[in-house]
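Here is a short round of questions and answers for a first look. Keep the sequence and the 3D view open as you read.

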Amino acid sequence: MVASKEPSVLLSHLHRADGSATFSQNGYTVIGAVNGPIEVPRRHELPEEAVIEVLVRPAAGVGGTRERHLESILHSTLRQIILVHNFPRHLIQVTLQITNTPENKNTGSKVVQAGSHLAILPALLQTAVLALLSASMPLATILTSVSIAIHADGKSRKLITHPSLKEFESASSVHIMAFTSHGEPLVVESQGTFTLEDWEEVFETVKALCHAEHNRIDDNAMQGVDGKGNMLEFVKSAMGEKVAQDLHWHT
Amino acid sequence: MASTRTSTFVLPGDRLDPASLPSHPTLPLKLGPGLRHIPPNTITPTVAGQLCTDKRKNAVWVEFNGGRYIPTTGDLVIATIQNSAVDIFYASVSDYAPKATLPQLSFEGATKKTRPQLSFGALVYARVTHANKHMDPELECVSQSTGKSEGLGPLTGGMVFDISLGMARRLMLPKPVEQGALVILDELGGQGVAFEIAVGRNGKVWVNSNSVKGTIAIGRAIQETDEKALKIEEQRKLAKKVAREI
């Protein structure tokens, strides 16, 4: 089964949560729920800003070191975009439940998945942002995230955006980046062997994909990258639809 | 009204076109919910919604339906009494949020000798007097200037229904029929159904009528209008159905 690179999302479908989103891309499906601002236990509260709690739950079994690492990346990223100073002594809870992962030959074996734990990061980030938007949480900006795999064999190299798990695992290096809607980098995670030129090319490519005003880039950087998959446009259209539906009564 | 208002879709952090903001020779610009001002002169939205402007009042705000109720000064809310201390009640405005305080003397005609006896679970219709990010919200059930209740106070009988924040806003519009495309209540009244209603900005609506069956039917009709986004015609049909069944 070939998983679709096209993202899809379902917004505000959990009626008990303040905000929720189910996002799928590349064979990964993540349910995200946001609750907040709510009361926080005394021992955890921060006097000047909101506490953000990120919970990542794997598709099978209980979370371990891998999930804690993903949570720490998500936590430091979301802290930058949520206006935490608006809600001192409150808690904002972001729960991300992975429900679907792409098929691989060692399903359920943690050893193989451990090497590629970054593959799910863009889906987690995107789900968290969409769930926050659905909860109308005050944000400074939104972020969009893209993964890129580089396949290099000596002379030639090929960039693949939104790689499948197979492409991800066979790549010489993989890069996950997230940008704000103004084109500022927030997350930069790289894994594997690559040169500084490779990295710079990836940086520019992802920036173009995450940033609407950067749509025009020169042909060299566009190698192996189709014009589609602009994540900012996707978030815009998904949210625009939801807002229009919510405010159907508004003239 | 519609002629002075415009609306466009915005996302958090979008750069607003200065031409889209209203300008007025004398009135200062009023920023409503969903916007923030970054000194010196940047205004950006913080939520996804429709940017609305009112040239006459020189106001700009973002209209959205969502999430959790955040207390704001002047809002009317339906609160549940949780417990009482020496001279205050602790009331819950939304679940799992810090409790709001309601002084026992801020009821109509309350004195140190005659204060209202409210136990756990009692409902009050109250106004938010203080809402500050660093402090728990404070409520009152009496108008400070006149000393009269003006419709606020304990709600006895009836039942509370949860609705979305957007629906609460629609119900509280000065002209819900023209501005909010909401005719369900007028239609129910027109069918001869007698009921009392109180709408809380925190996404709660209290309904009371002379029978439990009627109360539940009316509450459900309001919830259905909200969840299924019923059009005016569908609301009329629903009101007729509800009135027939009661």
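**Salt bridges and the chain contact**

Q: Is B:Lys228 buried or exposed in this predicted model?
A: The relative accessible area of B:Lys228 is 56%. The cut-off for exposed is over 50%. B:Lys228 is therefore exposed.

Q: Which residue does B:Lys228 meet in a salt bridge?
A: The side chain of B:Lys228 comes to 3.5 Å, N to O, from its partner. That partner is partly exposed, at 27% relative accessibility. It is B:Glu224.

Q: Which residues are joined into one network by salt bridges that share partners?
A: One link has its closest N and O atoms 2.6 Å apart, between A:Arg157 and A:Asp198. Shared partners bring in A:Glu201 too. The network is A:Arg157, A:Asp198 and A:Glu201.

Q: How many residues apart in sequence are the parts that A:Arg157 and A:Asp198 tie together?
A: A:Arg157 lies in strand 7 of chain A, and A:Asp198 lies in helix 5 of chain A. A:Arg157 is partly exposed at 36%, whereas A:Asp198 is buried at 9%. The pair ties together parts that are 41 residues apart.

Q: Which helix does helix 5 of chain A pack against with its buried residues?
A: Helix 5 of chain A spans residues 196-210. Its buried residues include A:Val202, A:Phe203 and A:Leu209. They pack against strands 6, 7, 8 and 9 of chain A, and also against helix 6 (231-246).

Q: Where does B:Arg127 lie, the residue that forms a salt bridge with B:Glu150?
A: The closest N and O atoms of B:Glu150 and B:Arg127 are 4.0 Å apart. B:Glu150 sits in the loop between strand 11 and strand 12 of chain B, 23 residues from B:Arg127. B:Arg127 lies in strand 10 of chain B.

Q: What area do chain B and chain A bury between them?
A: The contact takes 38 residues from chain B and 37 residues from chain A. In chain B, B:Leu11, B:Arg68 and B:Lys133 lose the most area to chain A. Carbon and sulfur atoms hold 58% of the buried area, which is about 3100 Å².

Q: Which residues meet in the salt bridge between chain B and chain A?
A: The count between these chains is one salt bridge, alongside eight residue pairs in polar contact. Its N to O distance is 2.4 Å. The residues are A:Asp18 and B:Arg68.

Note on methods
Residues are numbered from 1 along each chain as its sequence is written. Chains are lettered from A and ligands numbered from 1 in the order in which they are written. This is a predicted model: local features need pLDDT of at least 70, side-chain atom pairs count only at pLDDT 80 or more; totals for chains, interfaces and linings use all residues. Side-chain values use heavy atoms; hydrogens and water are left out. Contact means heavy atoms within 4.5 Å. Buried area is the accessible area (1.4 Å probe) that two parts lose on being put together, summed over both. A polar contact is a pair of N or O atoms within 3.5 Å; within protein, one must be able to donate a hydrogen and the other to accept it, and residues adjacent in sequence count only if both atoms are side-chain atoms. Helices (H or I, at least four residues) and strands (E, at least two) are DSSP runs, numbered from the N terminus. The expected span of a helix is 1.5 Å times one less than its number of residues. Buried means under 20% relative accessible area, exposed over 50%, partly exposed in between (1.4 Å probe, protein chains only).
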